[in-house]
Amino acid sequence: MKRSRDTEKRSEINSAIEELSLLAIVKPGGNHETAHIPTKPFLSLCYMVLQVLDKIGPTMAVLRQDVHQNIKRLEMMHELSPSVNSNLVEILISEASKGNTRKRFSCSKAFLWLTRSLDFSSALLQALEIDPKRNMEQIVQESYDATLSPWHGWISSAAFRVAIKLVPDSQTFMDLLKERDENFDTLKKQMQILVSLLVPFLKDAHCILKVYNLDRIKST
């Protein structure tokens, strides 16, 4: 999925805010079973997450690879039939009807792990926005423990414990997230806006995962 030049010039935070503005989950009658999640805006948001993970550095290499592979899996499914697969929920319904939901390389699992990666990113940005001077290693560890750790196997958890020592300090990370000439107060405000959009979106996404019995799946 190619990014425009204008998108590339903006910070990842501002680009993610824009993608989320296109990503409202439509729930006819409040029913998550018939919800609509537009596939392309969701994948664009996940690409923004990749860029944020890149700025954290080698610590996120394993998670980054996982996010990238899951994005590609959903992209390939979308490209097979763009009109039918323009709604992520239709992909979940199709795999559930065929008994493919829990297969290793299912799109349902890709959506599950991308949602959990967004959980991690939201928790990290929220903690950093509240206290930008906190120890970055501690923020990353707490965000991981609250979102991804309960679902990771021992291999992924062990790799994370080793790599966390390589995170940049919070000041450096904030500098990397800023647009050119942007001040810290503006960046904090943008982070607050992004988190305020992510939280309700992720709440709905988890409700959808629960409907299709995906919410308790752990990595092998």
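## An internal cavity and the packing of helix α6

The structure holds 1 cavity of 30 Å³ or more. The model is a predicted one. The largest cavity has a volume of about 100 Å³.

Twelve positions make up the wall of this cavity: Glu12, Ile13, Ala16, Leu45, Met48, Val49, Val52, Leu118, Ser121, Leu125, Leu194 and Leu198. Two or more lining residues come from each of the elements α2 (12-21), α3 (39-56), α6 (107-130) and α10 (184-211). Which element gives the most to the lining of the largest cavity? That element is α3, with 4 residues. Sorted by class, the lining has 10 nonpolar residues, 1 polar residue and 1 charged residue.

Helix α6 takes part in two helix pairs described here. Two packed helices are described by the angle between their axes and the distance between the axes. The table gives these values for both pairs.

| Helix pair | Axes come within | Crossing angle | Handedness |
|---|---|---|---|
| α3 and α6 | 10 Å | roughly 50 degrees | left-handed |
| α6 and α7 (residues 136-147) | 9 Å | roughly 140 degrees | right-handed |

**α3 with α6.** The axes of α3 and α6 cross at roughly 50 degrees. Because of that angle, α3 counts as oblique to α6. On the α3 side, the contact is made by Phe42, Leu43, Leu45, Cys46, Val49, Leu53 and Ile56. On the α6 side, Phe111, Leu114, Thr115, Leu118, Phe120, Ser121 and Leu124 take part. The residues of this contact divide into 12 nonpolar and 2 polar, with no charged residue. Several of the contact residues, including Leu45 and Val49 of α3 and Leu118 and Ser121 of α6, also line the largest cavity.

**α6 with α7.** For α6 and α7, the axes cross at roughly 140 degrees. Angles over 145 degrees count as roughly antiparallel, so the two helices are classed as oblique to each other. From α6, the contact draws on Arg116, Asp119, Phe120, Ala123, Leu124, Ala127 and Leu128. From α7, the contributors are Met136, Ile139, Val140, Ser143, Tyr144 and Thr147. By class, the contact of α6 with α7 has 9 nonpolar, 2 polar and 2 charged residues. The charged residues are Arg116 and Asp119, both of α6.

Phe120 and Leu124 of α6 appear in the contact with α3 and also in the contact with α7.

Technical notes: Residues are numbered from 1 along each chain as its sequence is written. This is a predicted model: local features need pLDDT of at least 70, side-chain atom pairs count only at pLDDT 80 or more; totals for chains, interfaces and linings use all residues. Side-chain values use heavy atoms; hydrogens and water are left out. On a 1 Å grid over the protein atoms alone, a cavity is a set of points where a 1.4 Å probe fits but cannot get out, and a pocket is an open set with protein on both sides within 12 Å along at least five of seven lines; lining residues have an atom within 4 Å of a point. Grid points are joined across faces, edges and corners, and a volume is the space filled by probe spheres set on the points. Axes are lines fitted to C-alpha atoms, for helices over the stretch in contact, and angles run from 0 to 180 degrees between N-to-C directions. Angles under 35 degrees count as roughly parallel, over 145 as roughly antiparallel, 65 to 115 as roughly perpendicular and the rest as oblique. A crossing is left-handed if the near helix is turned anticlockwise from the far one by less than a right angle, and right-handed if clockwise. Contact means heavy atoms within 4.5 Å.
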